[in-house]
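I opened this notebook page to record what I looked up around the bound ligands, taking one site after the other.

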Amino acid sequence: MDIIVLKPGAADEQIRHIIKKLEGLGLTAHLSKGTERTVIGVIGDTSKVTEDTDDGFRAIPGVESVMRILKPFKLASREFKKTPTVIKVGETAIGGRKICVIAGPCSVESKAMMIETAKQVKKAGASFLRGGAFKPRTSPYSFQGLGEEGLKYLEASRQKTGLPIVTELMDPRDIEAVEQYSDIIQIGTRNMQNFRLLLEVGQSRKPVLLKRGLAATIKEWLMSAEYIMSRGNHNVIMCERGIRTFETSTRNTLDLSAVPVLKKLTHLPVIVDPSHGVGVLDHIPAMAKAAVAAGADGLLIEVHPNPEEALSDGEQSLTPEMFKKLMKELAPVAKAVGREI
Ligand code: PEP
Ligand code: MN
């Protein structure tokens with residue numbers, strides 16, 4: 001048994017009884033209270049639970065059905081939750097009709113450039129500001145980010161514009177600071193399978209933007225989402241950002257087929273990052289439009305007020321002017337697929 005669906009109006013006493021019974025089997029219950037009914041996700045090793053035990057649970061008053069989920073990811077699966085998850089951050093929702101756009105520089109470089117970028121991307125229609133304060137750089141000699149000082153500049157930009165903040169967490173030791181200053185915690189590509197870090201953000205109340213690993217299959221990526229969800233944080237946003245292939249014309253190969261594949265497998269919102277996915281300025285607008293056409297719930301776009309001077313990823317950063325143009329071009333594409341931007 002993996003999921004216990006309760007009848008509408010099941011009594012709290014019945015729910016408590018089920019939880020106690022599960023705990024007696026060494027399992028943990030995850031309660032998901034919807035408007036219509038309550039679902040209990042069974043967490044732990046359910047492989048040894050027999051059909052007879054399942055039948056026992058079926059006999060408890062208040063239980064409507066007991067299901068087994070065949071997928072290795074359970075809480076993340078469409079079988080567990082049929083309706084798409086909409087994640088609310090303040091006034092903004094991710095996974096609804098509106099395509100949400102997260103924009104900003106690769107790295108937080110100074111207070112002035114962050115505020116300037118925030119104002120520009122907000123004017124163009126972005127719903128979130130991004131910027132890394134802790135940067136995962138290939139070389140230890142490259143700019144590593146401003147750390148906590150950078151987080152404070154993000155906070156100042158939010159105060160000036162009202163834009164909620166997305167920023168990367170690389171190390172569990174920084175979780176308190178990142179939680180304090182951000183609205184969404186980004187887990188980067190290189191940490192997609194850093195399981196301790198995933199469990200840590202699983203305990204956070206902040207939504208998590210989970211980027212796909214450089215060489216991760218969609219199943220492995222969903223298992224990482226499951227790690228986060230297994231600790232109680234169900235607000236996970238899947239972000240396709242390109243994978244490693246033999247192709248060298250682009251920085252990575254943006255796997256846009258991941259969007260419809262994920263939409264079928266999971267109820268979680270799916271966004272696309274064409275900036276890292278393509279890494280070549282000229283091709284970013286085309287892939288951003290393609291992502292929306294493919295059904296993505298949002299986009300992550302790197303924007304820098306002066307890409308020439310950027311301390312990281314300048315070659316793939318749009319100027320605010322280019323970003324504004326892209327936002328205009330995205331509107332009819334969104335409309336064509338029944339969305340708005
Ligand atoms: C980033 O968003 O700047 C970043 C480092 O992304 P990724 O983890 O996808 O490389
Ligand atoms: Mn970057």
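Before reading the metal site I fixed the term: donors are N, O and S atoms within 2.8 Å of the metal, and water is not among the atoms, so sites may look incomplete. The model is a predicted one, and I read the entries below with that in mind.

Entry one, the metal. I asked which residues coordinate the manganese ion (ligand 2). I found Cys106 through SG, His276 through NE2, Glu302 through OE and Asp313 through OD, at 2.1 to 2.4 Å. Along the chain I noted these donors in the spacing C-x169-H-x25-E-x10-D. Cys106 sits in the loop between strand E7 (100–104) and helix H3 (111–124), while Glu302 belongs to strand E14 (residues 298–302), so that the pair, 196 residues apart, links distant parts of the chain.

Entry two, ligand 1. I counted 13 residues around ligand 1, and the closest are Arg130, Lys135, Thr189, Lys211 and Arg241. By class I listed the shell as 7 charged, 4 polar and 2 nonpolar residues. Polar side-chain atoms of Lys135 and of Gln186 each lie 3.0 Å from an oxygen atom of ligand 1, and for an N or O atom in the side chain of Lys211 I read 2.9 Å to a ligand oxygen. Ligand 1 taken alone exposes 300 Å², of which the protein buries 97%. The space that ligand 1 takes is the second largest pocket.

Methods
Residues are numbered from 1 along each chain as its sequence is written. Chains are lettered from A and ligands numbered from 1 in the order in which they are written. This is a predicted model: local features need pLDDT of at least 70, side-chain atom pairs count only at pLDDT 80 or more; totals for chains, interfaces and linings use all residues. Side-chain values use heavy atoms; hydrogens and water are left out. A residue is near a molecule or strand if one of its heavy atoms lies within 4 Å of it. A polar contact is a pair of N or O atoms within 3.5 Å; within protein, one must be able to donate a hydrogen and the other to accept it, and residues adjacent in sequence count only if both atoms are side-chain atoms. Accessible areas come from the Shrake-Rupley method with a 1.4 Å probe; for residues, only the protein chains shown count as cover. On a 1 Å grid over the protein atoms alone, a cavity is a set of points where a 1.4 Å probe fits but cannot get out, and a pocket is an open set with protein on both sides within 12 Å along at least five of seven lines; lining residues have an atom within 4 Å of a point. A molecule sits in a cavity or pocket if more than half of its atoms lie within 2 Å of its grid points. Ala, Val, Leu, Ile, Met, Phe, Trp, Tyr, Cys and Pro count as nonpolar, Asp, Glu, Lys and Arg as charged, and the others, Gly among them, as polar. Donors are N, O and S atoms within 2.8 Å of the metal (3.2 Å for Na, K and Ca); water is not among the atoms, so sites may look incomplete. Helices (H or I, at least four residues) and strands (E, at least two) are DSSP runs, numbered from the N terminus.
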